[in-house]
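Work through the exercises below with the sequence and the model side by side. Try each task before reading its solution.

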Amino acid sequence: MLPESPPPPDPIIAIATAPGRGAVGIVRVSGTGLAPLARALTGRAPAPRVAGYGPFLDAEGGAIDHGLTLFFPAPHSYTGEDVLELQAHGGPVVLQLLVARCLALAAHAGGALARLRLARPGEFTERAFLNGKLDLAQAEAVADLIDAGTEAAARSASRSLEGAFSQRIGALRERLIHVRLLIEATLDFPEEEIDVLSSKDVRGELSQLQQTLTGVQTAARQGALLREGITVVIAGQPNAGKSSLLNALAGAELAIVTPMAGTTRDVLRQTLQIEGVPLHVLDTAGLRAEGAAPLDAVEQIGIERAWQHIGAADAVLWLRDLTRRAAPDYMTADAVLAQSIARAVSPRVPVIEVWNKRDAAPDAPTPPEAIALSARTGAGLDALRQRLLHAAGWQADAGGSLFIARQRHVQALARTGAHLQAAASLLAQPAPALDLLAEELRLAQQALGEITGEFGADDLLGAIFARFCIGK
């Protein structure tokens with residue numbers, strides 16, 4: 001007896017537009033056999049992929065609202081299942097009434113339709129992935145396009161959704177499979193006594209594969225930077241001009257600025273854009289050297305929070321005051337705090353030395369690697385912006401061809417590179433262990449496949465799609 005095929009997944013329904021009031025709201029349904037639901041709700045048979053205008057009927061035959069009905073039969077739909085979209089006026093009550101009416105109709109319909117339920121966050125896109133309409137990188141790009149905070153991020157997410165990232169990964173995968181086949185053939189047919197490593201130039205193939213991977217890694221890091229940005233903490237002694245610098249970078253009066261030291265007690269956050277790259281800038285309370293008492297308990301809490309954020313920063317702007325460079329007490333405290341900051345951050349985190357108040361001390365000398373600026377006049381800000389982009393690893397000339405990426409993609413590519421390097425080290429030995437070499441290449445392909453979803457644990461998929469909005 002042939003095994004029974006599994007039942008189709010439950011039909012799902014959700015409001016697909018953002019919460020609140022608007023001109024138009026959309027209710028989306030996905031499942032198997034949705035045409036009867038459309039007929040019962042609208043009083044007419046839906047024409048595939050044709051917008052039909054008319055009433056949405058309640059249980060008594062009255063109109064809940066008038067709007068458009070769109071029906072996309074499987075498999076030519078977003079999810080690969082039947083998809084029904086109801087476009088009504090965008091009031092939350094109207095949309096909730098439509099959802100309730102669909103659930104009531106489905107409950108009396110019988111069959112698979114009777115299992116209609118509310119969708120989980122991201123479940124529509126998850127079904128598109130499971131039904132082969134999108135790979136995992138494209139599915140993630142849907143959420144990234146919705147969440148894009150800059151034009152560059154939106155364009156890069158759109159390129160990923162169109163498959164630009166997946167194509168680069170697919171090309172890598174094909175080259176990796178080719179190298180694997182050469183090694184596996186040698187393992188499977190040792191009696192042929194063919195030196196595949198030499199005759200097929202496996203070392204050269206692997207070297208080219210590593211070079212191609214390096215290019216993809218660079219582009220992925222740029223894409224991840226566009227998506228996530230970096231966190232920049234402005235740190236310095238009281239009254240060095242930290243709040244003034246935040247205001248100057250933001251182009252708005254976000255923080256209170258006064259001649260009084262210790263004005264900033266808490267952490268102020270602002271996200272800025274520099275050439276499309278998001279920078280999450282934090283203005284912190286003024287730091288005091290060890291042994292110097294804060295003004296009060298509130299300032300002490302602010303200083304403690306400042307050190308916490310310094311330790312978690314991607315970059316630190318160490319702001320110093322040019323007008324006090326000749327003051328021994330100030331410079332001594334500054335040197336002690338600079339050492340404390342160096343200990344607080346990771347060795348990979350850049351600490352950018354910035355001397356403020358250039359307008360008040362135009363002739364004061366500064367170290368060649370430091371940036372001298374005036375937060376009051378704006379002089380030197382462009383140099384600081386470029387230094388921040390450089391510290392983040394941004395390459396401006398790559399912006400037109402980037403795809404969006406996530407940290408998990410960057411990490412998967414790094415694991416791929418580590419396995420390829422291990423394979424190269426094995427190949428460099430006089431008598432390479434081909435079984436170990438084959439295993440490293442297999443692990444490299446598995447790490448690569450996690451990006452597009454060829455390989456991946458169910459809990460990883462659940463974590464990814466749970467971050468989507470409901471209705472998508």
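Buried means under 20% relative accessible area, exposed means over 50%, and partly exposed lies in between (1.4 Å probe, protein chains only). Helices (H or I, at least four residues) and strands (E, at least two) are DSSP runs, numbered from the N terminus. This is a predicted model: local features need pLDDT of at least 70, side-chain atom pairs count only at pLDDT 80 or more, and totals for chains, interfaces and linings use all residues. Residues are numbered from 1 along each chain, and side-chain values use heavy atoms, without hydrogens and water.

**Exercise 1. Find the exposed and the buried residues of helix 12.**

Step 1. The face turned away from the buried side carries exposed Asp382 and His390.
Step 2. The buried residues are Leu381, Leu384, Leu388 and Leu389. They cover an arc of only 140° around the axis (taken from the directions from the axis to the C-beta atoms), which puts them on the same side of helix 12.
Step 3. Recall the general rule: an α-helix has 3.6 residues a turn, so residues three or four places apart point the same way.

**Exercise 2. Check the span of helix 12 (residues 381-392).**

Step 1. The expected span is 1.5 Å times one less than the number of residues. For 12 residues that gives 16 Å.
Step 2. The end C-alpha atoms are 17 Å apart, which agrees.
Step 3. Look just after the helix: Gly393 takes a positive phi of about 90°.

**Exercise 3. Place Leu384 in the largest nonpolar core.**

Step 1. A nonpolar core is a set of buried Ala, Val, Leu, Ile, Met, Phe, Trp, Tyr and Cys residues joined through side-chain atoms within 4.5 Å.
Step 2. The largest one has 65 residues; Leu245, Leu317 and Leu384 touch the most other members. Its largest share, 10 residues, comes from helix 8 (residues 202-228).
Step 3. Contact means heavy atoms within 4.5 Å. Not counting residues up to four places away in sequence, Leu384 touches Leu245, Leu249, Leu317, Val354, Ile371 and Leu373.

**Exercise 4. Describe the surroundings of Ile352.**

Step 1. Ile352 lies in strand 11 (residues 351-356). Its relative accessible area is 4%, so Ile352 is buried.
Step 2. Among its contacts, not counting residues up to four places away in sequence, are Leu317, Trp318, Arg387 and Leu388.

**Exercise 5. Give the strand order of the six-stranded open sheet.**

Step 1. The order is 8-9-7-10-11-12, with mixed pairing. Two strands pair if DSSP finds at least two bridges between them.
Step 2. Strand 8 (268-274) and strand 12 (371-372) are the edges; each pairs on one side only.
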